[in-house]
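Subject: Structure handover

Hello,

Please find the structure below. My notes on strands, a pocket and the cysteines follow.

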Amino acid sequence: MYRILSLCIGFVLLHSCNSNQAKQKDHLVFRYNEHKNIGSLDPAFSKDISDIWATNQLFNGLVQMNDSMQVQPCIAKSWKISDDGLTYDFTLRNDVWFHKHKLFGKDSTRTVLAHDFEFSLNRLLDKKLGSPGRWVLNKVETFKAVNDSVFSITLKQPFPAFLGLLTMKYCSVVPKEIVENYGTDFRSHPIGTGPFYFKRWEENIKLVFRKNKMYFEKDKDGTTLPYLEAVAITFLPDKQSEFLQFAQGNIDFVSGLDASYKDEILTANGELRSQYTNEVNIIRGPYLNTEYLSFFMDSEQQVIQSEILRQAINYGFDRKKMMIYLRNGIGIPAHGGFIPKGLPGYNASIGFNYNPEKAKALIQQYKQESGNQSPEITITTTSNYLSFCEYIQRELQKTGLLVNINVIPPSALKDAKANGKLDLFRASWVADYPDAQNYLSLFYSKNFAPNGPNYSHFKNEQFDSWYEQSFTESNPEVRAQLYRKMDSLVISKTPVVPLFYDEVVRFTRKNVSNLGINPINLLELKQVKKLR
């Protein structure tokens with residue numbers, strides 16, 4: 001009996017010890033849920049935000065973006081740009097190692113060389129691979145490894161925003177011998193240089209990354225990053241279940257504001273409700289996403305062709321009230337131009353403020369000049385944004401304008417707007433790269449849809465001249481002035497109705513620190529700490 005009791009006590013103590021060790025290590029594991037699932041861990045296919053977040057932990061490129069949207073060194077420790085703005089010479093660090101793999105031979109790893117970038121970018125261009133990121137190199141004439149530590153890229157024409165393009169995960173370095181061994185299965189056998197390495201992936205269930213102890217970056221005190229031991233990602237398919245897990249403390253982080261829980265956690269003014277203030281932090285900041293209505297300027301409809309009526313629509317609804325009622329105060333009312341807050345070129349004062357009397361007067365002026373006593377418009381949208389369009393509908397009908405709403409599936413709207421079949425539709429533009437030129441490209445006449453992103457078919461010679469000039473202007477301040485002039489011109493001609501500039505919203509448990517926030521909503525975990 002004594003021996004049995006001793007064995008039982010020993011088992012309990014051992015189990016308790018293991019449990020305590022697990023709890024002690026738990027504070028070093030960052031846990032989050034990805035409700036959209038992850039399609040690939042190959043950076044050449046990092047198109048969706050879910051894939052980008054994952055590959056950002058595993059891979060590095062020549063350069064990287066900080067939270068202030070400034071390009072910083074990464075594997076390239078420095079670079080030089082030729083006087084004509086065409087040639088970029090990157091000098092690489094010599095202490096960046098690939099994650100361990102037996103195919104590397106005796107040491108199971110090796111350092112990154114310039115030839116690895118030559119292979120990686122050639123792979124990106126390979127039509128057989130079919131990478132959605134191939135367009136990133138559209139402005140590139142040639143690239144080559146000058147030697148083991150210098151990589152050179154030459155452009156077809158000057159493009160000041162090029163370094164920003166290189167920060168995208170598409171441009172990450174990958175090892176030739178591993179990629180060629182796995183082929184398409186590299187998507188689930190990734191080997192990179194990032195702060196974490198791939199450990200395990202049960203698709204649709206769980207994905208685990210572990211700390212890369214050979215990582216090259218250090219904090220300001222000289223401590224090697226990352227601080228965390230691991231990252232664990234689950235795949236619950238809906239945001240409501242995700243939030244429940246967060247509220248119970250089973251995951252550390254939730255991104256975005258979903259209708260299923262926004263009123264549970266936030267007040268109408270965007271503040272945390274009292275029951276969450278002791279356990280949860282909210283982080284919010286500008287997101288490079290402009291939500292808007294777009295007119296098709298080549299429409300045969302007289303109401304769409306009328307600048308007076310387009311101005312009335314811009315004046316005719318309260319954007320601030322819309323954000324409070326429909327987004328719990330999350331998002332910035334678009335009283336500026338098309339360029340969102342957070343980018344050089346943004347101007348808060350060039351847009352339209354709510355002025356119902358002005359809107360009514362403009363509608364009346366339109367009726368008198370056109371002879372049309374019952375002007376009517378139709379807004380086409382998807383179901384996700386129906387509440388916004390219904391709000392605008394109610395407000396505009398008070399001005400004397402009849403507004404209809406047409407709800408169609410996202411795929412149908414995408415096709416119809418590209419082919420000029422919609423007179424007025426709701427849309428959003430999220431930056432492909434963090435430069436205002438990305439937004440202004442929607443109004444360049446040579447970018448008419450379906451061959452480009454100019455869905456409104458806006459055309460203006462002065463705008464086109466300034467847009468082309470911006471490609472050759474290397475001075476950031478002068479370029480920002482050009483962007484403001486272009487944006488102001490667009491808004492004055494009213495091909496669009498800016499609704500709001502989105503915000504990144506993140507909720508974390510109180511024991512999580514250093515998560516940070518940035519306008520491209522990139523998840524950066526190398527500096528994150530978790531307290532017990």
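Ile 282 has Phe 507 as its bridge partner in β17. The two strands concerned, β12 (residues 280–295) and β17 (residues 496–509), pair in the antiparallel sense over 12 bridges. Here two strands pair if DSSP finds at least two bridges between them; helices (H or I, at least four residues) and strands (E, at least two) are DSSP runs, numbered from the N terminus.

This is a predicted model, in which local features need pLDDT of at least 70 and side-chain atom pairs count only at pLDDT 80 or more, while totals for chains, interfaces and linings use all residues. Residues are numbered from 1 along each chain as its sequence is written, and side-chain values use heavy atoms, with hydrogens and water left out.

β12 also pairs with β16 (residues 424–430), in the antiparallel sense and over seven bridges. In that pairing, Glu 291 is matched with Ser 428 of β16.

A parallel pairing joins β14 (residues 376–381) and β15 (residues 402–407) over six bridges, and Ile 379 has Ile 405 as its bridge partner in β15. With helix α12 (residues 386–397), these strands make a right-handed β-α-β unit (right-handed: with the strands pointing away from the viewer, the path from the first strand over the helix to the second runs clockwise).

Next, the second largest pocket. A pocket is an open set of points on a 1 Å grid over the protein atoms alone, where a 1.4 Å probe fits, with protein on both sides within 12 Å along at least five of seven lines; lining residues have an atom within 4 Å of a point. This one holds about 700 Å³ of space, the volume being that filled by probe spheres set on the points, which are joined across faces, edges and corners. It is lined by 33 residues, and the closest to its centre are Pro 160, Ala 161, Asp 435, Pro 476 and Arg 479. Helix α16 (476–493) gives the most to the lining, with six residues.

Ile 491 is found in α16 as well. At 3% relative accessibility, Ile 491 is buried (under 20% relative accessible area, 1.4 Å probe, protein chains only). Its C-alpha lies 9.5 Å from that of Gln 311, 180 residues away in sequence.

Finally, the cysteines. The count of disulfides (pairs of cysteine sulfur atoms within 2.5 Å) is zero. For Cys 171, the nearest cysteine sulfur is that of Cys 74, 12 Å away. Cys 171 is buried at 3% relative accessible area, and Cys 389 is buried at 1%.

Regards

Conventions:
Buried < 20%, exposed > 50% of the residue type's maximum accessible area, 1.4 Å probe, protein only.
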